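Please read the following report alongside the sequence and the coordinates, which are shown just below.

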Amino acid sequence: MGRSDSGRVGGRSRGSGCRRDRTERDRLRAAGPGHGIRRSDITMGTRSRGLQPRQLEPDGKELALNAFRRVGLLEDEDVKFMLKGSKLQKIKSRRWKKDRRMKLQDDCLSIWCESKSRNKPSTFSVMDIREVQEGHQSEVMRKHGSSFSEKRCFTIVFTGSRSSLDLVAASEEEGRRWVQGLKKLRKKAESMSQRERIHHWIHEHLRKADEDNDNKMSFEEIKSLLKLINIETDDEYAYQVFKQCDRSNTNKLEKSEIEDFCKFLMQRPELEQIFSYYSGEDQILTAKDLRKFLKEQKEISTDENAVRIIQKFELNDTEGDIFNHNHDQVYQDMSQPLSHYFISSSHNTYLMEDQLGGPSSTEAYIRALLRGCRCVELDCWEGPNGEPIIYHGYTLTSKILFKDVITTIRDYAFTVSQYPVILSLENHCGKEQQAVMARHLKGILGDMLVTATIDSKVPKELPSPEALKGKILIKGKKFDDSGSAAEREEEAEDCDDENVKNGEKSKKGAVGELSEEFSDLVVYCKAVHFHSFQHAWSKMCVCELSSFSENKAKKLINESGRLFVRYNTMQLSRIYPTGSRVDSSNYNPQEMWNAGCQLVALNFQKPGMEMDLNKGKFRQNGRSGYILKPSFMRNRSNLFDPARPRPAAGLNKTQLIIDVITAQQLPKVNKDKKNSIVDPLVRVEVHGVPEDNATKRTRHIENNGFNPVWNEALRFTISVPELALIRFLVEDYDSSSSNDFIGQFTVPFTSVKEGYRHIHLLSKDSAPLSPATLFVRVRIKSV
């Protein structure tokens, strides 16, 4: 571990003050339950604000098992069956079907799965499971599992980018046991507290470091443990701590001694310092003291609330989070026209990887919809046997059936959000297969499909998300009132169109005649070519929608930003990446949101800063996929200018101060190198209108990913806070090359909570990095 600023393991940084070692006044003397929280009640773990009871029990297995005992899962027959393990068949294709043994580990939170690949871990966590699909729901099962009974088949879908596991049990009874057991364990894992997750994390590393599996830790194994959890320290100091804990003088730490060692590691001096500040000399946090703390946290500060917290004796995980959990619910007005909302949108949704040779899959639609996406893209082409197919035209990407995609959309469209889904259809089919597409849409989607306006009248404004709950809309070409074919939309004409190949536009990209059956299904999202803002405003046709390449959109924003904002108050606009992004990279969506563009379509399959911003923006409003635009972007008479915000039209200068204090349990960057320890630094980014865009960073801490200490203040001035996103990025410093990504979390400025807060970090593909956190203090001031 770096010793310069971060001190010893669990130590305090310079300048942060000395820990008070005075005895608590007569051990609370007459103070009984409900009178206050003691310093010794602080759990040295990453929970909430740190004001919690009990010392750390490091045996993560026991803590997890106790949690499972409380809900009766250890006595559950399905869980007992999983603990014994069984042989399953793993399926990848028609020919690739292999026997694999699978077994629930005794911690009830990890599953061992036999693997022949040296590059893949043999276990996975129940907490990494996003969904368990029964029967032939997955694409692999539909294609290659039909020879097996549906009740024997199931699919484990993971968070992030990890491929799903398609499995077949030996019998219907075994299949039922695994499906039911996995669902029960997943439900319990989701409800685990941060404290329980930390204990599980510690237990997992203890198990890995215990090389001889004797449930005791030698000094060499302790050194391995320190490397595993991202701490580097000199052998002399580590041995000193080891011997202090080795009360039995056996040169091995046994259970209670391991507990002491882990308690030492898990100390949180920065929380003790905060506790000391608010509790005073007697080191007891009374209701009055707690009220003072809650007031600074911008929480409800009353005697009743303080007493309730003290009696409860610990805060729940969400109370100390930087994200305002009131925004976990739909809290915005959902009765305004669709054009007044930012709508989570995907580009080339069918792709799992790049745009030239990657696989197309219905799984990609499932992933997007389960992330709250409300506009998905379908590139439709002529297929064999009269069945339309979906793939990236004139490339080597694989092909999937149009009807399979529509079935998948039907099954997953409203799993996460009840608000409408838009199908952006890029139509390259002839009239006959267009008619087949129309029949599939109506037959598979049924009443979900919007086939007429709500009141059978020509709308003067678009309907609201509330009015379209549970409905699916088609975006595509439509016959105009005279009965002639509508103009081809911008996306099929622009020089940056996705059909561009080798720098030239393919003539085959042009769409043929339009079928009447297909045209009739386009109601509120009629795709048209964009002429000018004046032309669109003169027509006042709210149901017309134009698509813009990112380059065209940027040009319009730079030249006519205010007009673009006004245009987007009336009708929808869709932005898509240029065709030159063959690796499925993304543009910065913030520029488009600044102009009020609603359907800012990104490649969901490509992780990175751009998708972090998208996930962060749509984290709010109950993950509904719809975010109400600020009032100054909905008011046609007082237009917002993204380049030059003005008072009463977006400008509201605010100072944001982020005190980056510490981090906890950061993951290794290079897990293959046992001795590799990260040198973390924290970068805070503001994304918003051009003048708000800024990045500031801390220094790096050498050789400590376990409990690095910074105590650095980063200050920002934000002119349009209602559009700003705050991105916290943790990197592994490298003096000779670019820094490596460790974790990130992005949050809308309007969802940021003030005070002392924990930030739960996410991986590159947005999967939780539990229990890794940042600990910060947030202050917001008007300028």
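The report moves from the whole chain to one sheet, a pair of helices, an enclosed helix and a few backbone details.

**Overall picture**

The model is a predicted one, and in it the protein has 19 helices and 34 strands. Of the 783 residues in the protein, 58% are buried. The surface that the protein exposes comes to about 32400 Å², of which carbon and sulfur atoms supply 46%. Among the contacts with a separation of 6 or more, 70% are accounted for by residues that lie 24 or more positions apart in the sequence.

**A seven-stranded sheet and the helix across it**

An open sheet of 7 strands follows the order β5-β4-β3-β2-β8-β7-β6, and its pairing is antiparallel. The edges are taken by β5 (123-125) and β6 (129-134), each of which has a single partner strand, so one side of each is left without a neighbour in the sheet. On average, and with direction ignored, neighbouring strands of this sheet are turned by 30° against each other. In general terms, the strands of a sheet pair through backbone hydrogen bonds, and the pairing may be parallel or antiparallel.

Within this sheet, strand β3 (residues 97-104) and strand β4 (residues 110-113) run antiparallel and are joined by 3 bridges; M102 has C113, in β4, as its bridge partner. Helix α4 (residues 172-190) lies across β2 (86-91), β3, β4, β6 and β7 (153-158), and the helix runs at about 155° to β6.

**The α13 and α14 pair**

Two packed helices are described by the angle between their axes and by the distance between the axes. For helix α13 (residues 402-412) and helix α14 (residues 431-445), the axes come within 10 Å and cross at roughly 25°. Because angles under 35 degrees count as roughly parallel, α13 is roughly parallel to α14. The crossing of α13 and α14 is right-handed. On the α13 side the residues that meet the partner are F402, K403, I406, T407 and R410, and they face M437, H440, L441, I444 and L445 in α14. An α-helix has 3.6 residues a turn, so residues three or four places apart point the same way.

**An enclosed helix**

How many of the 9 residues of helix α19 (residues 609-617) are buried? The number is 7, so α19 is largely enclosed by the rest of the structure. The buried residues of this helix are E610, M611, D612, L613, N614, G616 and K617, a list in which charged side chains such as E610, D612 and K617 appear beside M611 and L613.

**Backbone details**

Two asparagines have a positive phi although neither is a glycine, N215 and N621, and the table sets out their values and places.

| Residue | Phi | Loop | Relative accessible area |
|---|---|---|---|
| N215 | about 60° | between α5 (194-209) and β9 (217-218) | 64% |
| N621 | about 55° | between α19 and β24 (626-628) | 0% |

With these values N215 is exposed, whereas N621 counts as buried. The loop that holds N621 comes after α19 and leads to β24, and α19 is itself the largely enclosed helix described above.

A further backbone feature is the cis peptide bond that joins S770 and P771, where omega is about 5°. P771 has its place in strand β34 (residues 768-782).

Technical notes. Residues numbered from 1 in each chain as written. Predicted model: local features only at pLDDT ≥ 70, side-chain atom pairs only at ≥ 80, totals over all residues. Heavy atoms only, no water. Helix = DSSP H or I, 4+ residues; strand = E, 2+ residues; numbered from the N terminus. Buried < 20%, exposed > 50% of the residue type's maximum accessible area, 1.4 Å probe, protein only. Contact = heavy atoms within 4.5 Å. Areas by Shrake-Rupley, 256 points an atom, 1.4 Å probe, with all protein chains shown as cover. Pairing = 2+ DSSP bridges. Axes fitted to C-alpha atoms, helices over the stretch in contact; angles between N-to-C directions. Parallel < 35°, antiparallel > 145°, perpendicular 65-115°, else oblique. Left-handed = near helix turned anticlockwise from the far one by under 90°.
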